[in-house]
Amino acid sequence: MAEPQLRLKNVHKRFGKLEVLKGVDLDVDKGEVICILGPSGSGKSTLLRCVNLLAPPEEGEIFLEGQDICKGPGSGTGESSWNLDFVRQRVGMVFQQFNLFPHKTALENVTLAPVTVLGKSKSEAEEKGRALLERVGLGNRLGQYPETLSGGQQQRVAIARALAMEPHVMLFDEVTSALDPELVKEVLDTMRELAEEGMTMLVVTHEIGFAREVGDQVVFMDGGVVVEQGDPKSVLDNPREERTQKFLGLVLER
Amino acid sequence: MSSKTRLAAFLAVLLVGAVSIVVAGCGGGGSSSSNTTASESEEGTEAAGGAGEEEAGGEEEAATAEKLTVGSDIPYPPFEQGKKGSYTGFDVELMGAIGKEIGREPEFIDSSFETIFRDVAQEKFEAVMSAATITPEREEVVTFSLPYYLSEQAILVKEGSEITGLSDLKGKTVAAQQGTTGLELAKEKAEAGELRPYPEGPDADNALKAGVVEAVIIDAPVAKQQAEELGGIEIVEKVPTEETYGIAVAKSNTELIEQINEGLKKTIEDGSYTKVYEKWFKEAPPLEGLETAMKEAESK
Amino acid sequence: MKVFFEQYFDFHIMGEHFGEVLEAFFQNLLIFLVAAIIALIWGLVLAVIRQTPGKGLLPLRFLTIAYIDVLRAIPLLIIILIISGGVPFITFIPKDIRIPEWFGKSDPFWYGVAGLVFVYGAYMAEVYRAGIEAVPKGQMEAARSLGMSHLQAMRHIIIPQAVTKIPAPMLNELISLLKDTTLVSVIAFGESTLVSREILAERLNSSALILTAFFFLVICLPGARLVDILIKRNQAKITRGAHIEVA
């Protein structure tokens with residue numbers, strides 16, 4: 001098998017005195033969709049933030065396409081900055097709170113980073129941006145400001161925005177948890193299309209259905225470690241670990 | 001910086017500051033008693049501080065220990081200078097001498113010159129002794145005593161300056177003190193490029209020394225004193241303005257002004273005027289010129 | 001009582017000196033404009049430096065915090081006097097900078113501007129800081145994960161949002177700045193307070209000062225009202241809950 005696109009080895013992360021990640025190992029192949037489940041406080045979001053160096057780990061290694069990204073300034077070792085750029089330009093993230101830029105239109109949200117970070121020309125970025133927004137079904141809302149869009153629409157803009165940077169890996173941090181139920185589907189559909197096009201995705205979610213249908217692997221985390229992982233059918237229908245069973249029992253009972 | 005370190009640092013600074021204030025206060029001597037004139041008098045002045053018992057029975061002879069409050073813009077050396085409790089200067093000591101003659105001990109109060117005439121008119125203090133030139137505008141508001149000093153203005157410049165006199169001031173930056181006749185003169189005659197009125201005389205002299213202004217117009221004796229003390233500045237021209245200084249009192253206080261005039265004359269007669277004058281100006285007083293001026297003033 | 005009115009409300013004197021005082025008041029406005037613009041920029045610079053991360057910048061951040069604390073703790077009047085009393089004597093600075101005479105304005109003007117900028121820059125930096133901290137943290141996270149550097153994120157995302165949150169406190173600072181231009185009178189700058197005091201000494205009457213107060217009132221009172229309106233409007237915006245901000 002080829003090298004995994006993303007490999008986490010013994011990743012530890014502390015916030016002050018509290019250790020949130022206590023040694024996480026994970027391999028992600030190109031094109032795989034990994035769905036991460038677990039109770040709150042299990043470290044799922046923190047894990048994502050380690051991968052894109054928003055919260056670099058204190059211990060452990062993360063290999064992205066063969067490069068150890070923890071040896072850059074994000075990890076505090078003080079070397080040259082190319083690793084931070086390397087990561088951020090290959091890894092895109094979509095947040096639970098959308099975090100769209102309220103003072104910019106939908107199109108401007110999407111074109112800002114390509115222009116300022118990648119140095120693309122405005123017209124080039126706009127062309128690409130328009131295409132992306134159409135792809136997520138918002139081609140007619142280019143000039144609208146986030147506050148005039150519904151939650152689902154905002155989240156789709158956020159996805160388009162992250163895609164504009166042509167990432168190799170996409171991180172999704174509970175992106176539907178803040179949405180009204182009727183808006184969840186449109187976002188999940190967009191994510192499904194993205195998966196079918198072959199994007200490597202790490203998805204932290206509570207949407208079990210999505211994990212079952214779209215996920216290639218399901219990872220269950222609790223207390224800062226990976227408790228169980230495997231293909232969706234085995235983990236979700238026949239969980240081996242007691243903690244997994246408990247969690248799923250709780251979730252599925254809803 | 002953690003918030004703990006910051007708090008510690010802040011408290012340390014506060015503590016040091018508080019301690020130094022306390023130490024300075026104690027060291028400075030708590031005896032800021034009355035602003036008695038530090039005249040050469042060892043003769044126990046009758047009105048020793050605080051012994052104000054007598055009723056209005058006694059006249060000039062007896063010690064009516066009531067102090068004579070005198071407003072003055074301090075410092076303005078060599079007329080008035082020093083710290084509270086130990087003011088000295090020509091005005092201070094002359095007033096002390098006059099006070100002795102009329103049986104009242106002067107108490108000097110530091111005031112701002114620009115409001116000093118209005119203040120005495122409203123009886124904030126009883127008299128003004130502050131190198132104050134007698135002018136018609138001022139006479140509308142207060143009554144002046146007979147002249148006690150003949151004055152003129154001087155032009156101060158930095159040593160080595162090209163300015164040689166009033167005529168050279170055209171277009172230059174000239175400083176003077178707010179509310180003074182020096183400022184008036186500057187406005188009328190100097191044709192300055194820029195006129196800077198400073199709150200205190202010494203501020204103007206400092207500005208001159210710093211090179212911020214090119215000339216200062218100020219009373220001649222003050223100019224002389226500042227030139228000596230500060231160094232690096234010199235007088236280039238004295239502009240005779242026929243100014244005389246007087247002591248001012250409120251218009252309603254006719255009794256006091258007569259007393260002061262009498263007292264002034266006595267000090268000239270018994271030589272105490274000359275003594276004070278020579279001490280502060282290091283030359284003999286122009287008694288003739290002064291007497292002429294006094295006679296002129298009396299005949300008005 | 002009559003004396004009170006004569007002392008303060010002598011309209012003849014006000015009339016005679018009206019033009020003089022008004023012209024001097026324009027000097028206050030001029031100092032205000034120059035100092036305000038520079039201070040607004042300087043304050044922003046300070047605020048940005050203060051919170052730019054990175055181990056290497058620690059000494060710079062420390063200096064900035066110290067500057068902000070110290071300059072807010074020393075009275076403006078003392079700063080102005082220190083500048084004008086000392087700078088002319090520091091001979092290793094070239095004379096053109098030491099005793100400035102730029103754009104037709106001489107040294108007291110520029111010392112005054114300097115003092116105002118140093119002090120108000122510090123206050124404004126804190127206002128900016130409050131605005132920056134009011135921007136949701138997710139904005140910075142999103143910008144950074146898109147690959148923007150800290151400074152890029154500040155420039156395009158954070159600062160534009162921060163400044164929409166601070167018009168009220170910033171306007172307060174500006175009103176305060178306008179009033180404090182009167183302090184420059186102590187270094188003999190011909191602004192309205194100085195001129196009024198000269199008139200006071202000349203005419204032995206305070207009416208010119210009342211006139212000056214009136215000029216300030218005309219500008220600052222509406223300004224203060226405007227601040228109140230802005231604050232009210234901001235409150236309404238918050239309670240309306242425009243944005244989806246789920247905790």
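# Notebook: interfaces and salt bridges in a predicted model

I started at the B–C interface, where B:Glu114 and C:Arg197 form a salt bridge with their closest N and O atoms 2.6 Å apart. A reminder to myself before going on: this is a predicted model.

**Entry 1: chain B against chain C**

I looked up the elements on chain B's side and found that helix H3 (116-121), helix H5 (181-190), strand S7 (194-198) and helix H6 (201-210) of chain B each supply at least two residues to the side that touches chain C. S7(B) gives the largest share of that side, 4 residues. Sorting the side of chain B that touches chain C by class, I got 9 nonpolar, 6 polar and 9 charged residues.

Next I checked the contact totals. I found 24 residues of chain B in contact with 24 residues of chain C. The area buried between chain B and chain C came out at about 1,900 Å², with 57% of it from carbon and sulfur atoms. For salt bridges between chain B and chain C, my count was 3. I also listed the polar contacts across this interface and got 7 residue pairs, both residues at pLDDT 80 or more.

**Entry 2: chain A against chain C**

On to the other partner of chain C. Here 28 residues of chain A are in contact with 21 residues of chain C. Chain A and chain C bury about 2,000 Å² between them, and carbon and sulfur atoms carry 59% of that. I wanted to know which residues of chain A lose the most area to chain C. They are A:Arg88, A:Phe101 and A:His103, which together make up 23% of what that side buries.

The salt-bridge count between chain A and chain C is 1. I looked up the pair A:Arg49 and C:Glu141, whose side chains meet in a salt bridge at 2.9 Å, N to O. For polar contacts between chain A and chain C I noted 6 residue pairs, both at pLDDT 80 or more.

Then I went through the elements again. Helix H2 (82-88), strand S6 (91-94), helix H3 (106-116) and helix H5 (151-163) of chain A each give two or more residues to the side that touches chain C. H5(A) gives the most, with 4 residues. By class, the side of chain A that touches chain C divides into 15 nonpolar, 8 polar and 5 charged residues.

**Entry 3: salt bridges within the chains**

I ran the search over the whole structure and found 35 salt bridges over all chains. I picked out a few to follow up.

A:Lys120 and A:Glu166 meet through their side chains in a salt bridge, 3.1 Å from N to O. This pair links distant parts of the chain, 46 residues apart: A:Lys120 sits in the loop between H3 and helix H4 (122-135) of chain A, and A:Glu166 in the loop between H5 and strand S7 (169-173) of chain A. A:Glu166 is partly exposed, at a relative accessible area of 40%.

A:Arg130 forms a salt bridge with A:Glu126, and the closest N and O atoms are 3.7 Å apart. Why are A:Arg130 and A:Glu126 separated by about one helical turn? Because the two are 4 residues apart in helix H4 of chain A. I looked up accessibility too: A:Arg130 counts as partly exposed at 37%, and A:Glu126 counts as partly exposed at 23%.

In chain B, I looked at B:Glu191 and B:Lys170, a salt bridge with the closest N and O atoms 3.8 Å apart. This pair also links distant parts of its chain: B:Glu191 is in the loop between H5 and S7 of chain B, and B:Lys170 in the loop between strand S5 (149-158) and strand S6 (173-177), 21 residues apart. Are these residues buried or exposed? B:Glu191 is exposed at 52% relative accessibility, and B:Lys170 is exposed at 57%.

Chain C gave me a network: salt bridges that share partners join C:Arg50, C:Asp69, C:Arg72, C:Glu126, C:Arg129 and C:Glu133.

**Entry 4: chain B as a whole, and one residue in it**

Chain B has 10 helices and 10 strands. Of its 300 residues, 46% are buried. Among the contacts in chain B with a separation of 6 or more, 70% are between residues 24 or more positions apart. I read about 14,600 Å² of exposed area for chain B, with 52% supplied by carbon and sulfur atoms.

I closed with B:Thr267, which is found in helix H8 (residues 254-269) of chain B. B:Thr267 counts as buried because its relative accessible area is 0%, and the cut-off for buried is under 20%. Leaving out residues up to four places away in sequence, B:Thr267 touches B:Leu94, B:Ala97, B:Ile98, B:Glu101, B:Ser272 and B:Tyr273.

Conventions: Residues numbered from 1 in each chain as written. Chains lettered and ligands numbered in written order. Heavy atoms only, no water. Contact = heavy atoms within 4.5 Å. Buried area = accessible area lost by both parts, 1.4 Å probe. Salt bridge = Lys/Arg side-chain N within 4 Å of Asp/Glu carboxyl O. Polar contact = N/O pair within 3.5 Å; in protein donor to acceptor, adjacent residues only side chain to side chain. Nonpolar A, V, L, I, M, F, W, Y, C, P; charged D, E, K, R; others polar. Buried < 20%, exposed > 50% of the residue type's maximum accessible area, 1.4 Å probe, protein only. Areas by Shrake-Rupley, 256 points an atom, 1.4 Å probe, with all protein chains shown as cover.
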